[in-house]
Amino acid sequence: MSELQTVVFNLNGQFYGAEASQVFQIIKYQEVTKAPRMPKFIEGIINFRGTVLPIINLNKRFELGELEIGRKTKILVIKLGDKQAGFIVNDVSEIVKFSDEDIEPAPSLLYGEANSFLTKVGKKGDMLVSIIDLEKVLKDSEIKRLNVKA
């Protein structure tokens with residue numbers, strides 16, 4: 001039996017997860033410098049270990065409303081090919097291991113071009129976790145616009 005280790009995070013009251021292998025690091029939120037002429041869901045940039053890191057607001061990207069920055073707000077740092085990006089989330093709640101029987105494919109009704117990043121749904125008790133592929137949240141053309149090397 002295999003297990004899927006997942007970083008579970010909160011986006012305006014909804015639980016989402018990403019495979020732990022995709023998350024390079026989880027850092028505390030830091031103030032973002034705005035970048036001109038970027039899509040609304042790209043908040044701006046931060047200095048991450050001497051590298052300019054673009055920051056994407058997942059609440060805005062998924063059209064879940066505004067993100068209220070608080071003491072629990074985190075940034076998930078991931079690699080996008082030869083680049084890195086940060087994803088702002090309300091909170092990271094836990095690392096969960098889902099067994100095969102706790103995972104179902106994403107419902108085909110929800111899957112499509114708009115939700116190509118939604119891969120699976122994990123179940124733990126009454127909690128449902130939409131498991132997303134963070135590398136597919138941005139389209140190739142959007143990644144190229146970031147133009148920031150790792």
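Mentor: pLDDT is the predictor's confidence in each residue, on a scale from 0 to 100. The structure above is a predicted model, in which local features need a pLDDT of at least 70 and side-chain atom pairs count only at 80 or more, whereas totals for chains, interfaces and linings use all residues. Residues are numbered from 1 along each chain as its sequence is written, and side-chain values use heavy atoms, with hydrogens and water left out.

Trainee: What is the average pLDDT of the protein chain, and what percentage of the residues score at least 70?

Mentor: The protein chain averages a pLDDT of 86, and 87% of the residues score at least 70. Helices (H or I, at least four residues) and strands (E, at least two) are DSSP runs, numbered from the N terminus. Among these elements, strand β3 (residues 23-28) has the highest mean pLDDT, 95, and helix α2 (residues 140-146) the lowest, 63.

Trainee: How is a sheet to be read, and what is the strand order in the open sheet of five strands?

Mentor: Two strands pair if DSSP finds at least two bridges between them. The open sheet of five strands has the order β3-β6-β7-β5-β4, and its pairing is mixed. The edges are β3 and β4 (42-48); each has a single partner strand, so one side of each lacks a neighbour in the sheet. From one strand to the next, the twist averages 30° (axes are lines fitted to C-alpha atoms, for helices over the stretch in contact, and angles run from 0 to 180 degrees between N-to-C directions).

Trainee: Which residues illustrate the pairing of β6 with β3 and with β7?

Mentor: β3 and β6 are antiparallel and share five bridges; within that pair, Ile26 stands opposite Leu76 in β6. β6 and β7 also run antiparallel, joined by seven bridges, and Lys74 has Val89 in β7 as its bridge partner. The hairpin of β6 and β7 has two residues between the strands, and Gly81 there takes a positive phi near 65°. The pairing of β5 with β7 is parallel, with three bridges; here Asn57 has Ile88 in β7 as its bridge partner.

Trainee: What is the strand order in the open sheet of six strands?

Mentor: That order is β8-β1-β2-β11-β10-β9, again an open sheet with mixed pairing. β8 (91-99) and β9 (103-105) are at the edges with a single partner strand each, so one side of each has no neighbour in the sheet. The twist here averages 35° from one strand to the next. β9 pairs with strand β10 (residues 118-124) in the antiparallel sense over three bridges, and Ile103 stands opposite Gly122 in β10.

Trainee: How does one recognise a nonpolar core, and which residues have the most contacts inside the largest one?

Mentor: In soluble globular proteins, nonpolar side chains tend to be buried together. Buried means under 20% relative accessible area, exposed over 50%, and partly exposed in between (1.4 Å probe, protein chains only). A nonpolar core is a set of buried Ala, Val, Leu, Ile, Met, Phe, Trp, Tyr and Cys residues joined through side-chain atoms within 4.5 Å. The largest core here has 25 residues, and Phe9, Leu58, Leu76, Ile132 and Leu134 have the most contacts inside it. The elements giving two or more residues to this core are β1 (3-11), β2 (14-19), β6 (74-80) and β7 (83-89). A second, separate core of ten residues includes Ile27, Leu53, Leu67 and Val77. β6 is mostly covered, with five of its seven residues buried.

Trainee: Where does Leu134 lie, and which residues are in contact with it?

Mentor: Leu134 lies in the loop between β11 (127-132) and α2, and counts as buried because its relative accessibility is 0%. Contact means heavy atoms within 4.5 Å. Beyond neighbours within four places in sequence, the contacts of Leu134 include Ala18, Gln22, Leu58, Leu76 and Phe87. Leu134 and Leu76 are 58 residues apart in sequence, with 9.7 Å between their C-alpha atoms.

Trainee: Is Gln22 buried or exposed, and what polar contact joins its side chain to another?

Mentor: Gln22 is buried, with a relative accessible area of 14%, and lies in the loop between β2 and β3. A polar contact is a pair of N or O atoms within 3.5 Å; within protein, one must be able to donate a hydrogen and the other to accept it, and residues adjacent in sequence count only if both atoms are side-chain atoms. One such contact, of 2.5 Å, joins the side chains of Gln22 and Asp133.
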